[in-house]
Amino acid sequence: MKRDWLIYLVIFSLALNLGTIGTIIYLRSQDHQKLAAGPGPLPPMPPRALWRELKLDESQRQTLRRLFPEHHQKVKAVREELTQTRQELFELMKAESTPWSAIQGKIQEISTLQGGLEEEMARFMLEFKKHLNPEQHAAFLTLLQKRLGCGPEGCGPDGRRRGPGMGPGPGKEHRGKP
């Protein structure tokens with residue numbers, strides 16, 4: 001009788017271990033697939049890599065060397081301010097009785113700063129585009145599309161690569177889609 005229980009216990013333990021190992025392997029493969037798919041935008045490309053990718057001539061490089069420092073300083077300043085403002089929002093939310101209007105005001109401040117960052121990026125890209133020939137311009141747009149995580153159809157429901165938190169969500173569907 002004792003021997004039967006021991007066999008059952010070994011079989012149960014073996015099944016439990018195999019199930020655990022199988023789960024770990026499955027979850028690891030899912031992580032690798034997520035990394036390969038790339039859930040969204042890539043990090044900014046360093047200027048020299050961008051220059052090599054677009055095959056800029058020396059005069060174009062010289063012009064862009066003048067543009068980069070000012071752009072970099074503006075972006076850095078806005079990002080620092082965003083970090084500080086987000087910390088202030090966190091402190092407001094940590095407090096016991098912060099009025100909702102104060103939290104909304106801080107969120108609006110963050111939105112304004114984020115909008116300013118987007119405007120600076122767009123301003124710089126438009127200025128950058130002025131110094132490219134048609135082939136470089138096309139390559140620049142293709143590169144931007146890839147870096148932003150968009151597909152050939154552009155950004156949006158049909159062209160955007162999807163990742164966690166980027167889709168419409170469970171039970172939701174895009175408007176106009178069956």
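Phe-124 and Phe-128 both belong to helix H4, where four residues, about one turn of the helix, separate them. In this predicted model, the centres of the two rings are 6.0 Å apart and their planes stand at 40°, so the pair is tilted. Both side chains are withdrawn from the surface: Phe-124 counts as buried at 8% relative accessibility, and Phe-128 counts as buried at 1%.

Phe-124 also takes part in a second ring contact. A pair of aromatic rings is described by the distance of the centres and the angle of the planes. For Phe-68 and Phe-124 the distance is 5.0 Å and the angle 55°, so this pair is tilted. The contact links distant parts of the chain, since Phe-68 lies in helix H3 and Phe-124 in helix H4, 56 residues apart. Phe-68 has a relative accessible area of 16% and is therefore buried, the limit being under 20%. The structure holds three aromatic pairs, and one aromatic cluster is formed by Phe-68, Phe-124, Phe-128 and Phe-140.

These four aromatic residues are also members of the largest nonpolar core, which has twelve residues in all. Its other members are Leu-50, Trp-51, Leu-54, Leu-56, Leu-64, Leu-67, Leu-132 and Leu-143. Two or more residues of this core come from each of helix H2 (47–54), helix H3 (58–94), helix H4 (100–129) and helix H5 (134–147). Apart from it lies another core, of eight residues, among them Val-75, Leu-82, Leu-89 and Leu-117.

Helix H3 may be followed next. At 1.5 Å a residue, its 37 residues should span 54 Å, and the C-alpha atoms at its ends are 53 Å apart, which agrees. The buried residues of H3 include Leu-64, Leu-67 and Phe-68, together with Val-75, Leu-82 and Leu-89. Polar side chains are present in this buried set too, including Gln-60, Thr-63, His-71 and Thr-85.

The charged contacts complete the description of these helices. A search of the whole structure finds eight salt bridges. One of them joins Glu-70 to Lys-74, with the closest N and O atoms 3.1 Å apart. Both residues lie in helix H3, four residues apart, about one turn of the helix. Glu-70 counts as partly exposed at 44% relative accessibility, and Lys-74 is likewise partly exposed, with a relative accessible area of 33%.

In helix H4, the side chains of Lys-106 and Glu-109 meet in a salt bridge (3.4 Å, N to O). Because these residues are three apart in the helix, about one helical turn separates Lys-106 from Glu-109. Lys-106 counts as buried at 15% relative accessibility, whereas Glu-109 is partly exposed at 33%. A further salt bridge is made by the side chains of Lys-130 and Glu-127 (3.2 Å, N to O). Here Lys-130 counts as exposed at 61% relative accessibility, while Glu-127 counts as partly exposed at 23%. Salt bridges with shared partners also join Glu-70, Lys-74, Glu-120 and Arg-123 into one network.

Nonpolar side chains are found on the surface as well. Leu-6, Leu-9, Val-10, Phe-12 and Leu-16 make a nonpolar surface patch of about 540 Å². Leu-6 lies in helix H1 (residues 2–37). Its relative accessible area is 53%, and the limit for an exposed residue is over 50%, so Leu-6 is exposed.

Definitions and conventions: Residues are numbered from 1 along each chain as its sequence is written. This is a predicted model: local features need pLDDT of at least 70, side-chain atom pairs count only at pLDDT 80 or more; totals for chains, interfaces and linings use all residues. Side-chain values use heavy atoms; hydrogens and water are left out. Patches are made of residues with over 30% relative accessible area and no salt bridge: like charges are joined within 9 Å, nonpolar side chains (Val, Leu, Ile, Met, Phe, Trp, Tyr) within 5 Å. Accessible areas come from the Shrake-Rupley method with a 1.4 Å probe; for residues, only the protein chains shown count as cover. A salt bridge is a side-chain nitrogen of Lys or Arg within 4 Å of a carboxyl oxygen of Asp or Glu. Buried means under 20% relative accessible area, exposed over 50%, partly exposed in between (1.4 Å probe, protein chains only). A nonpolar core is a set of buried Ala, Val, Leu, Ile, Met, Phe, Trp, Tyr and Cys residues joined through side-chain atoms within 4.5 Å. Rings of Phe, Tyr and Trp (its six-membered ring) pair if their centres lie within 6.5 Å; planes under 30 degrees apart count as stacked, over 60 as edge-to-face and the rest as tilted. The expected span of a helix is 1.5 Å times one less than its number of residues.
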